[in-house]
Amino acid sequence: MASKFINITLKIWRQKNSNAKGGIETYSLANVSTDSSFLEMLDQLNEQLINEQKEPVAFDHDCREGICGMCSLYINGRAHGPETGTTTCQLHMRSFTDGDTIYVEPWRSRAFPIVKDLVVDRSAFDRIQQAGGFVSVNTSGRTMDANAIPIPKHDADKAFEAAACIGCGACVATCKNGSAMLFVGAKVSQYALLPQGKVEAQDRVINMVRQMDEEGFGNCTNTGACEVECPKGISLENIARMNREFLSASLTADK
Amino acid sequence: MSTLNSRIPEGPISEKWTNHKNHMKLVAPNNRPKIDVIVVGTGLAGASAAASLGEMGYNVKAFCFQDSPRRAHSIAAQGGINAAKNYQNDGDSVYRLFYDTIKGGDYRAREANVYRLAEVSGNIIDQCVAQGVPFAREYGGLLDNRSFGGTQVQRTFYAAGQTGQQLLLGAYSALSRQIGLGRVKMYHRHEMMDLVKVDGKARGIIARNLVTGELERHSAHAVVIASGGYGNVYFLSTNAMGSNVSAAWKVHKKGAHFANPCFVQIHPTCIPVHGTNQSKLTLMSESLRNSGRIWVPKKKEDAQAIREGNMKPTQIAEEDRDYFLERRYPAFGNLVPRDVASRAAKERCDEGFGIEANDTNEGVYLDFATEIRSKGRQSAFAQGDHNPTEEKIVALGKKWIEEKYGNLFQMYQKITDDNPYETPMKIYPAVHYTMGGVWVDYNLQSSIEGCFVTGEANFSDHGANRLGASALMQGLADGYFVLPYTISDYLANDIRTGKIATDSPEFEQAEAEVQASIERFLQNKGTKSVDHFHKRLGLIMWNKVGMARNEAGLNEAIEEIAALREEFYKDVFVPGDANEMNTELEKAMRVADFIELGQLMAVDALQRLESCGGHFREEYQDSEGETLRDDENFKYVAAWEYQDGDAKKAALHKEALNYEYIKIAARNYK
């Protein structure tokens, strides 16, 4: 890890609150270690702003290990920045060079209104989940033994790959239609692939898709941008599976 | 002054919980909608509690500071969750899980609580599978297990290196279902600012809407604190940036005792510190110790050559490597408990064998070469190739590693720019988990009536050291299987109480106090950022209340923190306003509590004249550097009562620990 220090120029979207008009502000930042993560670089900028008695840039972040899904950011026109399979918190400054100008913007989507600066409201995802993203089993500890139903490893692995979605919203932000189908498809697939999810499969897909539409997400036109930008590599196959589930549920459901 | 009543039920240990459940009061289904419960925190302990209470029919209000309940830091747990299922037929049982946990905790946890934890552990796995949690499976379709530190069986269930994520998303799905049904009202981007007590009972909270800055009053018949641990008192830890002690600390300041604050877990396998702008440390799961061997060079000159970049670890011959855990602890080897492994790494680095080129030379190797060859050979054999080439062995071995630990290896490579398939990982201990927390009785009720504390926020199950894969187990056990019973027993007395008013003087006063503390920060004409003070606090804590402590250092820490506290209030600068999203204000409020807690941790460490688990007092060690417990004088829980507005003046209450079912002995992993 031979660390270097670089100087950069930042062009960052600043917006006081959801009603205010926002705009790009320019900042110079010197002596950024290339071993720093992108968010550590923003910490450094904020420290500088506070020392100048200015308001720091608000951005969402929490675990800084690429798993909580809280960090976002459009960096130089790409969701989560230039690296593939990487969340913003796992992006490191070694991906940039001395003298770079870096544009930092919030997720852009009608369904994700801006709260402040780089922070957006992704609660639409929670509401989609509440519409059906679960198995209706109460807590009792008296369900059947965990090994009572063997699940083929292949199916379990596929369900896990779908369940690995961190709900960050990069798929929506990067889609020209603002579609949430990769997110919803992943959740629908996780349950559709497991025997536990089969019982409610029809209602689930219909309810989740209905809520997705109500939230104002766009439709899918198969550009595949979501899969490219997804930091967890969630496959487009999940959208196809959701479409199959939805079609079959729409045609065969009782109601 | 209250005395501690742990309310442990009578009877043989294996029947305590069942008997207790049979005799606790119930609230009938038609009465539950008349009762409100607040749950603060939506990690495993909070989400599972809120979901379960919602299912039962109570009116639940759940709070989290993140933008969604799914982000709570349980999500970052990697390795797995323990359960005494004995699916691997290697002699596991409820008793063994109980025994391992008590021993792993260095005989400083309550027997009855730990037995209950082991007892319900199997139900957790059943429940999670029923919810659609995709645990790892074998080719026969049944659940797979692996080993974790401090055990000699395979009882850890996992989902790649993302077990916490999958379990939390399971609990979040159960919570989401209740939110959708209108039984739980979710308040995201809300932070609890204080507890409100009415007639001595917990009856609500003051919360701040983190988007609008508005202060809100929420009343309830009981309040559940499930806000996690306090590792961020060290500034650098594996905790999420937002993880904080404030909810637990506010409850403490309102009268709940805080137990064993000095019991902190320093996890042996984290990525070493790289520089001064670093904001947090990253864990490499303990599960890697199933396959990785920890070593440093035998010769100091080799270690130095590595640090200076003149030598690579792969150039060091087998006989010149010191696999120090295997050398010191042959019975458990690389799978000794975390505190033991951490201290052993520190010992080698202190002696000059550290391999990392940072300020402190602190780093050791975690090497997968042996495992890659052995698994590669096995895989080749399974494919029918009984005489594989060297290249094939290595290729297949790497593939096996990738399947087991792929996401961890990828994470490591992203952070360090090193490829751990080719060169050993560099690791060093870092603050990870806090065993101490709010004191609770067997019912998980704190010393404030109606205030329950679950998960990492309480102190109850892990003694002086937590075993790997037990935090997830405790969080879900508390939330799914313990609290719903015990809180109902309490709430049964409230079926005629009616709604708790929020216009009472108690709510007025609590809100006014919160308002005043916010104003104080915003009007302060300071010059330094909150992080500036947090980093300094962290350094004091790491150097003097960290992996090794001594009397002089602890006394210094107490005074240095007192001075830091004064300077903090005088010179901190918090920009922005109260009535908007203000992340600096949030941090300032949290750091104010960390400073007070830090002092109490040092006070607690100072009074405990023994070494046990994660608490290592340099004065108390044997000739081989192992911990020396003092069971005669210190076999107790230290529960502190806040007094006179000053953590330094806290009053100590002792809860004696009795071991009836486990013979207390020196902890031996040799």
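This passage describes the fold of chain B in a predicted model, and then the contact of chain B with chain A.

Overall dimensions make a convenient starting point. Chain B has 670 residues, for which a compact globule would have a radius of gyration near 26 Å; the value for chain B is 25 Å, which agrees. Taken along the principal axes, the box filled by the C-alpha atoms of chain B is roughly 80 × 60 × 50 Å. Of the 670 residues, 60% are buried. Long separations along the sequence feature strongly in the contacts of chain B: among those with a separation of 6 or more, 74% link residues 24 or more positions apart. The secondary structure of this chain consists of 17 helices and 19 strands.

An open sheet is part of this fold. Five strands of chain B build the sheet, and their order is β5-β2-β1-β9-β17, with parallel pairing. At the edges stand β5 (184-187) and β17 (451-453) of chain B, each of which pairs on one side only. From one strand to the next, the twist averages 20°. The link between β5(B) and strand β2 (residues 59-63) of chain B can be followed in detail: the two run parallel and are joined by four bridges. Within this pair, B:F63 is placed opposite B:Y187 of β5(B). A helix also packs onto the sheet strands. Helix α12 (residues 471-491) of chain B lies across β1 (36-40), β9 (222-225) and β17 of chain B, and its direction makes an angle of about 155° with β9(B).

Next come the domains. Chain B is divided into domain 1, covering 268-431, and domain 2, covering 505-648. Their C-alpha centres are 34 Å apart. Where the two domains of chain B meet, six residues of domain 1 are in contact with five residues of domain 2. On the domain 1 side, helix α9 (residues 338-350) of chain B supplies the largest share, namely five residues. The same side of domain 1 of chain B, sorted by class, has four charged residues, one polar and one nonpolar.

One residue is worth a closer look. B:A588 belongs to helix α16 (residues 583-607) of chain B. How is its environment classed? B:A588 counts as buried, because 26 C-beta neighbours fall inside 10 Å, and the cut-off for a buried residue is 20 or more. Leaving aside residues up to four places away in sequence, B:A588 touches B:F521, B:V530, B:V572 and B:V574. By contrast, B:D478 is 110 residues from B:A588 along the chain, and their C-alpha atoms are separated by 31 Å.

Finally, chain B meets chain A. This contact involves 68 residues from chain B and 71 residues from chain A. On the chain B side, the elements giving two or more residues are α2 (44-56), α4 (111-130), α5 (163-180), α11 (390-416), α12 and α16 of chain B. The helix that gives the most is α5(B), with nine residues. Sorted by class, the side of chain B that touches chain A has 28 polar, 26 nonpolar and 14 charged residues. Two helices met earlier thus return here: α12 and α16 of chain B both give residues to the side that touches chain A.

Conventions. Residues are numbered from 1 along each chain as its sequence is written. Chains are lettered from A and ligands numbered from 1 in the order in which they are written. This is a predicted model: local features need pLDDT of at least 70, side-chain atom pairs count only at pLDDT 80 or more; totals for chains, interfaces and linings use all residues. Domain bounds come from an automatic or database domain assignment. Two residues are in contact if their C-beta atoms, placed from the backbone, lie within 7 Å. Ala, Val, Leu, Ile, Met, Phe, Trp, Tyr, Cys and Pro count as nonpolar, Asp, Glu, Lys and Arg as charged, and the others, Gly among them, as polar. Two strands pair if DSSP finds at least two bridges between them. Axes are lines fitted to C-alpha atoms, for helices over the stretch in contact, and angles run from 0 to 180 degrees between N-to-C directions. The radius of gyration is taken over C-alpha atoms; the globule rule is 2.2 Å times the number of residues to the power 0.38. A residue is buried if 20 or more other C-beta atoms lie within 10 Å of its own, exposed if 12 or fewer, and partly exposed in between; C-beta atoms are placed from the backbone.
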